[in-house]
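Trainee: I'd like a close look at a single part of this one. Could you walk me through the sheet and whatever packs on it?

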Amino acid sequence: MGQHTRNDNEMHLPNLERQPFEPRALKSIVLSAITICMAIVACIPLFSVLIMLIYRGGKRISLELFYGLPPTAFDIGGGFGNAIVGTLFMVGIASLLSVPFGILAAIYLAELSPDSKISTVARFCAKVLSGLPSILAGVFAYAAVVLVMGSYSAWAGGIALSILMVPTVMLTAEEAIKMVPRPMKEAAAGMGCTPAQSMLKIILPVAVPGIITGVVLAVARAAGETAPLLFTALFSDYWLRPNEPTASLAVLIYNYSGMPFPNQIELAWAASLILVLLVFVLNIISRAIGRRKNV
Amino acid sequence: MDTTVTPVANDAALDSTEIALDCQADQIFYSDFLAVRDSHVPIARNQITGFIGPSGCGKSTVLKSINRMNDLIPGFRFEGKVHFHGVDIYDKKVDPVAVRRNIGMVFQQPNPFSMSIYENVAFGLRLNRYKGNMDEKVEKALVGAALWNEVKDKLKNNGLSLSGGQQQRLCIARAIATEPRILLMDEPCSALDPIATRQIEELMVQLKEHFTVAIVTHNMQQAMRVADQTAFFAVDISRGGRTGYLVEMGATKELFEDPQEQLTKEYLHGEFS
Amino acid sequence: MAEHTSLQRSQSISKPPSAGDIFTNNAFRALTLAFTWGIVLLLAYILFRIGGKAIPAVKEYGFSLLTGTTWDVNNRTFGILPEIWGTLYSSMLALLLGGFFGVTIAIFLTQNFLPRTLETILRSIIELLAAIPSVVYGLWGIFVLIPLIRPLADFLNAHFSWIPFFSTSLSGPGMFPAALVLSIMILPTVAAISQDAFRAIPRKTVEAAFGMGTTRWEAILRVMLPTAAGGIFGALVLGLGRALGETMALAMLVGNSNQISLSVFAPANTLAALLALNFPEAGDTEIAVLMFAACVLLLITLLVNMLGALIINRTGMKR
């Protein structure tokens, strides 16, 4: 490399024209081409998944999916209304538990006592929890709820999901509260607000879009989680009864994916399409809220 | 320079006036860092007291200690006394929140709340559970802050929709709506253009009829234009750290025309900043 | 509250905070502090609960749980060595592939290869990859990916079976499709954190590199990559942490077979998949062993995640 350049210099006539076939330029072009190819390849799975969902799940979409119950082995038709209700119910429980928990802890971490020992420890624990494999949330809920209550239930599923949501809600809410401009916080204190008044009247209203973004993302993630529900909510072919095993879209997909019956496999694809639509819509909502905040 | 003698205010100038608040900052720390020492600043009633000095001299720190804003900074420690209506506001029994309700503050950056102009001004009144005629008080405060004519038709608009100078006057209106006895201003014009600055300065002169004002400014001309009393602070680097202290204080005219300390002379002649 | 009243001027509007204000403030503070403690106690309780349930298994089987290779419920013989191997092997394979792609895409997205709009679109696509639930990837893997890679696997096995990695044929589920899906799932994590690492490079370093007359790739390979190396390493470690704990895609694709094999086409098993498959129908002894497996998984992911967080903290990147 550099042969050309040296010759040019010796003649005291630097050549400044583009030389696409010079080794170092060629290397640059080849590497760029490889990078572009890799970026395109990385996009293939997403499009492949989406196309398959629309192709195989889309043709099964009908109203019956939403009010019907899962079919038995050799039945045709059927739906998974109970799984949709179950997913919404358990994600609802998880949100009710984790959102107040996460936001209240975040208020303490971000504003009331950010540098205290307990805040440092709590922040560390939240980071550890956010890396917790989702199946272990299920194992915990099994040990703490299923074994204690004596049966699989929607409550156990909701609690397992809430453990996955708490750290996300907490860490994003802390960020959102910290993003509220310092001068505004000072103004509130300078007017003679107590810390609680500053938080409730001034800081939280400004931080709400950021907090909602985090909550919606956590909900989206929880809605798609399967592992924590496998042996906490289990599955059911009947409508929701919170004290008993409860169906969910995610577990339905898992169960039916391994079945030898085409009808069930079609249902698994249809359920996947609905689940992915739900998750994408939630993602878009959270982005829209996040963007409005930035303007 | 003799650092052991506490510079004392020019008593002759202050004798004729009543002291609204007497700030004796012996030592102010941020954790282990000694930020200010030996600064005794009396604030005269219905006058404007200007704090001037080079950057890092602790003038803002002293000002913010007066209404205990610095309590929000972790590691802050104040040694000394701030006498205010017979109470030392650093007494353990005093609630800093109550102090801030009586001593208003206007900040360097205009910082209206993200709510309507009306609600911004009414905020302090509601906070203090004011029972009288709210509209009247809001109007009075906006008139007092020389903003009424510009906003009377759009009181419902968000306070953040105003221009920088208007925002700062809104913050002044917000601060004076509760009729605090002392109004602290921390470089209130540093983020504003010359025209807005001039408006705020004229406003300050009007405000002293009803209020006692203490203002930190980086701008000596501004101090000359508005302040009745001026306190000059400097930085002492002799002990390794950067510790601010009060060099001298007196009636503005006397301080600028006939400073007692060599350091003040040098500063006023622009030999350092 | 005599001090408050002495601060008052009779006609003043300013009032000290009311008893209600002060009570609300104290209650608010106590409540938020309680929940802050809550997160600490929650983690402690999780560790205690899972750990506590595993103790009977440790008492009964001891160290042999870690070294045993059979899982036979009827004979009450349990060992999780194949699962530990499978967890590590699948994660490393996924990291190799997902990490390489992730870092390349991070370069692509941060070094001005694309106009702004295209960059944003590509970034959104990569982020959406992370949004798809893993069970959907599992379904896609079973019905799309496995049939697709079978010919390739057969070819490699037929012609290169002397290489240990290709020594068996792909009979459906196996390590290769599982690792492939796993790599798709960790790609967004690696790409996102690596992008942060590239963006954290000071402007002046970039300018200095181009000022020396380097081509774009010389600047990337000799200046940007070494400068961002710490952050990228952290990204890879956190990606590994994600791969180790991932459950569904593996439970559906890895084949659930208790064997230790270097061949990427052989079926295998992982700790998370073991838990997912055996928990619902397990008896008391088996539950205890599964809790022990959960502890091992917890320990591995905890260590890896803490290492990753530590590395990223060191580099001082803003996450």
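Mentor: Here's a tour of the sheet in chain B, with a short stop at the contact between the chains at the end. Keep in mind that this is a predicted model.

The sheet in chain B is open and has 10 strands, with mixed pairing. Going across, the order is E5-E4-E1-E2-E10-E9-E3-E8-E7-E6. At the edges sit E5 (87–88) and E6 (103–106) of chain B; each has a single partner strand, so one side of each has no neighbour in the sheet.

Let's zoom in on the E6 edge. E6(B) pairs with E7(B), residues 182–186, in the parallel sense, over 4 bridges. One pair to click on: B:Met105 has B:Leu184 in E7(B) as its bridge partner. Helix H7 of chain B, residues 164–176, packs on the sheet here and touches both E6 and E7 of chain B. The direction of H7(B) makes about 175 degrees with that of E6(B).

Then there's helix H2 of chain B, residues 59–66. H2(B) lies across a whole list of strands, including E1 (19–30), E2 (33–44), E3 (48–52) and E10 (243–251), as well as E6 and E7 of chain B. Relative to E1(B), H2(B) runs at about 120 degrees.

As for the other chain, 15 residues of chain A are in contact with 15 residues of chain B. On the chain A side, helices H8 (182–190) and H9 (195–224) are the elements giving two or more residues, and H8(A) gives the most, with 6 residues. By type, that side of chain A splits into 9 nonpolar, 4 polar and 2 charged residues.

Terms used
Residues numbered from 1 in each chain as written. Chains lettered and ligands numbered in written order. Predicted model: local features only at pLDDT ≥ 70, side-chain atom pairs only at ≥ 80, totals over all residues. Pairing = 2+ DSSP bridges. Contact = placed C-beta atoms within 7 Å. Axes fitted to C-alpha atoms, helices over the stretch in contact; angles between N-to-C directions. Nonpolar A, V, L, I, M, F, W, Y, C, P; charged D, E, K, R; others polar.
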